[in-house]
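Biologist: Please take a close look at the interior of this protein, beginning with any space that is shut off inside it. A first-year student will read the reply, so kindly explain each term when it appears.

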Amino acid sequence: MTGDRRKTGLFIPSTNEYCELPALPIGRYRHTVTNLTVCGGQPNGGQDVEDLESVSENCVTFNTETGQWDISYTLDDVWWEHVAWRISSGILLMGSGKTALLLPDGTTKAGPFNLVRRASFSCGIEDPKSGSIILTGGQSWINGKLTKVTSVERYNEEGFVENLP
């Protein structure tokens, strides 16, 4: 888990234990956390403008051997206000109408499929029984106006499955 934009920690629900981890190299918000990998986001206020590109276009993973955060992925596009979902082939980033697949070997594959709608701040709810994720809510720019998104879609590893009520 991350908080306060640089602080990090690990919570183990089964044992109710928490351990503090070293701070992120650059503070971020509007990012995702998947296991020990933090992706995208925007730099914490008060940092250099150059940090925007380095934060929004990379992922860092906590190295349990060295106790440090290492850059694990360099992304082809900026990512913030997105959803991250662990799937059988890696980590799938989803948001703003696009997707990117982060592979275990450290490479990325842009756009395995496109999303039905272009939205940010959506929530992703994993459905392990069906091997899918449900994207709901968020916001989108429509005709120059920031609009609340009320649609709900189900995706699997291959792409769009269905609209939900």
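Modeller: The count comes to one cavity of 30 Å³ or more. On a 1 Å grid over the protein atoms alone, a cavity is a set of points where a 1.4 Å probe fits but cannot get out. The model is predicted: local features need pLDDT of at least 70 and side-chain atom pairs 80 or more, while totals for chains, interfaces and linings use all residues. Residues are numbered from 1 along each chain, and side-chain values use heavy atoms, without hydrogens or water.

The largest cavity holds about 80 Å³ of space, a volume being what is filled by probe spheres set on grid points joined across faces, edges and corners. Its lining (residues with an atom within 4 Å of a point) is made up of 13 residues. Nearest to the centre of this cavity are G95, L115, A119, S122 and L135. Two elements each give two or more residues to this lining, namely β11 and β18 (152–156). Strands are DSSP runs of E, at least two residues long, numbered from the N terminus.

L115 and L135 also belong to the largest nonpolar core. Such a core is a set of buried Ala, Val, Leu, Ile, Met, Phe, Trp, Tyr and Cys residues joined through side-chain atoms within 4.5 Å; buried means under 20% relative accessible area, exposed over 50%, and partly exposed in between, with a 1.4 Å probe and protein chains only. The core has 11 residues, and beside those two leucines it contains V83, W85, I87, L92, M94, L101, F113, I133 and Y155. Two or more of its residues come from each of β10 (83–87), β11 (90–95) and β15 (132–136). With three residues, β10 gives the most to the core. β11 therefore appears in this list of contributors to the core and also among the contributors to the lining of the cavity.

Elsewhere in the model, the structure holds one disulfide, a pair of cysteine sulfur atoms within 2.5 Å. C39 is joined to C59 with an S to S distance of 2.1 Å. Because the torsion about their S-S bond is about 110 degrees, this disulfide is right-handed. C39 lies in strand β6 (residues 37–39) and C59 in strand β8 (residues 58–63), so the bond ties together parts that are 20 residues apart in sequence. Both of these cysteines are buried. C123, by contrast, is in no disulfide, and the nearest cysteine sulfur, that of C39, is 18 Å away. C123 counts as partly exposed because its relative accessibility is 46%.

The two strands that carry the disulfide also pair with each other, in the antiparallel sense, over three bridges; pairing requires at least two DSSP bridges between strands. V38 stands opposite V60 in β8. β8 has a further antiparallel partner in strand β9 (residues 68–74), with six bridges between them. On that side, C59 has Y73 of β9 as its bridge partner. C59 is thus joined to C39 by the disulfide and set against Y73 by a bridge. β8 and β9 form a hairpin with four residues between the strands, where G67 takes a positive phi near 75 degrees.

Methods
On a 1 Å grid over the protein atoms alone, a cavity is a set of points where a 1.4 Å probe fits but cannot get out, and a pocket is an open set with protein on both sides within 12 Å along at least five of seven lines; lining residues have an atom within 4 Å of a point.
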